Amino acid sequence: MGRRDLLKAPLLGPFLRWRHSRSLLQVLFLGVALVVMADGFWGPRLAPKNMAGVLPWVHWRGFVALALLVAGNLFCMACPFMLPRRLAKKLFPAQKHWPKALRTKWLALFLLFLFLWAYEAYDLWSNPFLTAWLALAYFLAASVIDGFFRGAAFCKHVCPIGQFHFVNSLASPLEVGIREAEVCASCRTRDCIVGRYEAPRGLDSGTKALRPHERGKLLQNGCELWLYQETKTGNMDCTFCMECIHACPHDNVGILTRAPAKELWEDPQRAGVGRFSQRPDLAALALFLTFAAFMNAFGMVAPVYAMEAWMGRAMGTTSGPLVVGILFLVGMVLLPALLVAGVAAASSALSGSGRTIVQEATRYGYALVPVGFGMWIAHYLYHFLVGGFAVIPVTQEYLAFLGLSFAGVPAWGLGPMVPESWLLPLELIFLELGLLVSLVVSYRIAVREVGEGPRAVRAFAPWGLLAVLLSAAGVWLLLQPMEMRGTLVGG
Amino acid sequence: MNRPHPPAILLLPLILLGGCRGEIETGDTGLVLEVAISPTPPAVGSARLIISLEDSAGGPIDGAEIVVEGNMSHAGMVPVIDTAQAEGPGRYGISAFRFTMAGDWILSLHATLPDGRWVRNQKATNVVGAMGGGL
């Protein structure tokens with residue numbers, strides 16, 4: 001079956017092809033971000049009454065999960081942090097190259113850990129003031145970093161939220177890709193990567209290519225994440241910015257449908273990324289996000305509070321951030337590292353691949369992304385479906401303060417979007433769907449690595465077992481009594 | 001290259017103004033509104049709220065309308081709103097205030113006197129107990 005192209009869809013296609021569609025989305029989201037920050041800094045302290053309590057932690061996360069599930073990385077596309085960052089690019093030189101030593105995902109992985117730790121340790125979900133500070137810090141970081149460095153260094157190497165989108169969008173049904181390979185093969189200008197300038201690049205006439213500063217004004221950026229379309233594969237590092245779509249003089253780039261998760265078991269040389277199997281940092285990021293999905297959910301159920309209290313007593317401390325830090329270090333880093341190392345060693349030994357633990361984990365680690373994604377969806381959709389309509393009374397109150405009484409009296413009784421009895425079955429469906437896809441991906445990777453037959457089954461078995469164990473842990477989590485509680489170690 | 005969007009920039013002050021709602025006012029400082037919860041800590045389900053309303057000299061105040069709104073600290077949960085009944089001189093109560101989930105709750109009390117004066121107070125509490133079936 002041919003691939004469908006979203007750019008050719010009625011209504012949506014013309015909008016997306018419009019050169020300013022992304023800017024419009026970003027302006028809308030910037031407005032939302034400003035409301036969140038204003039209310040977070042100066043509004044009510046009670047999170048349920050504050051835009052900074054409702055919009056980021058109930059709606060944004062829910063919409064992110066849904067968008068990744070049914071489409072792709074739409075939230076990077078509409079990212080509001082990019083507007084001030086674009087201004088910074090105009091004001092500052094932005095000529096420095098991002099340091100070679102940092103051209104990996106390790107820094108982003110560390111920041112992602114910090115982000116998840118801070119969320120739990122400082123109860124960001126119940127603290128609009130800190131949430132507003134976080135958003136402000138994000139604006140500043142994106143602007144400063146990209147004001148000094150070339151391209152989209154912040155998105156590719158720093159942004160923790162972006163990494164979440166990149167990894168989970170590997171299982172999404174849409175990707176930005178080329179329509180006809182032959183068109184790219186005959187292309188001499190490569191505007192999709194270098195950008196489109198007033199003067200042509202010069203390659204068509206067989207002369208030496210002109211350098212960017214010799215080509216006049218830049219009319220259209222190329223990909224700032226260094227993903228060259230001809231060899232770009234999948235969604236890793238793609239922000240759906242659509243620069244390549246607008247830059248291509250042959251109209252050969254689209255937003256295409258694909259088999260979700262297929263790129264997890266394929267290992268081609270990817271433009272701007274390389275081979276997945278040669279990127280331990282990428283595999284570590286994928287594995288970290290998988291285990292983090294379960295630890296993040298663990299922070300919302302009753303047993304975690306008993307565990308934190310016990311840890312506090314054992315350590316002789318009442319410092320919540322310290323206890324949460326150690327708990328997360330063990331649950332998101334040490335325990336996963338031990339588990340994955342054991343599974344990789346077993347897989348290598350059983351299949352006779354002869355690979356080291358790191359080599360094996362770098363090949364198979366991506367297989368766990370879907371089960372982790374399933375857990376993220378279950379968790380985020382829970383909050384969204386339970387409190388999706390809560391934004392209505394908060395907005396009514398916000399507008400009433402502005403004197404816009406047309407919105408009526410705040411209807412505080414609004415909240416749930418579906419009956420409570422639907423929640424658990426829905427969560428279980430997403431979790432088990434993720435498990436199913438992880439099993440398929442694990443086996444496909446095994447076949448790719450050792451060929452069809454018993455060896456593939458032996459290579460697959462430990463990874464399949466780990467995916468099942470993770471899914472079982474997820475089911476246990478979903479069945480636990482839920483508590484929305486801050487970190488009260490002494491309690 | 002994309003240009004700035006002047007209309008959006010002009011909207012900024014309006015957008016930001018709504019965030020200046022600030023903290024709720026506490027009302028008449030000569031009134032003392034307190035609440036106790038039984039059992040303490042409360043469990044998921046019903047709990048009794050015992051409310052007292054006095055003037056600054058400790059004299060009971062009767063005839064007030066007292067509304068209690070319970071919110072969880074996490075956004076997105078529907079608040080529980082109930083009205084207290086008079087139970088004696090300066091004493092009011094809600095016999096079965098329904099805590100719907102375990103976790104951190106903030107009770108916001110608002111008392112309005114017949115003469116129009118009013119007072120607000122808040123109390124944080126941690127609700128224990130189980131409610132299975134969903135994250």
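## Model confidence

Chain B has a mean pLDDT of 85, with 78% of its residues at 70 or more. Within chain B, residues 131-135 fall below a pLDDT of 50; this stretch nevertheless has 23 contacts in the model beyond near neighbours in sequence.

The structure is a predicted model. Its scores are ipTM 0.81 and pTM 0.91.

## Overall form of chain A

Chain A contains 21 helices and five strands. Its radius of gyration is 23 Å, close to the 23 Å expected from the globule rule for 491 residues, so chain A is as compact as a globular protein of that length. The C-alpha trace of chain A extends over about 75 × 70 × 45 Å along its principal axes.

Of the 491 residues in chain A, 52% are buried. Among the contacts in chain A that link residues at least 6 apart in sequence, 77% are between residues at least 24 apart.

## Helix H5 of chain A

Helix H5 of chain A covers residues 82-91, and its buried residues are Met82(A), Leu83(A), Arg85(A) and Lys89(A). Viewed down the axis of H5(A), the buried residues lie within an arc of 165 degrees, so they line one face of the helix. An α-helix has 3.6 residues a turn, so residues three or four places apart point the same way.

Lys90(A) and Leu91(A), on the other side of H5(A), are exposed. The cover over the buried residues of H5(A) includes three helices of chain A: H2 (21-42), H7 (128-148) and H8 (153-158).

Technical notes: Residues numbered from 1 in each chain as written. Chains lettered and ligands numbered in written order. Predicted model: local features only at pLDDT ≥ 70, side-chain atom pairs only at ≥ 80, totals over all residues. Helix = DSSP H or I, 4+ residues; strand = E, 2+ residues; numbered from the N terminus. Rg over C-alpha atoms; globule rule 2.2 N^0.38 Å. Buried ≥ 20, exposed ≤ 12 C-beta atoms within 10 Å, placed from the backbone. Contact = placed C-beta atoms within 7 Å. pLDDT = per-residue confidence, 0-100. Arc of directions from axis to C-beta.
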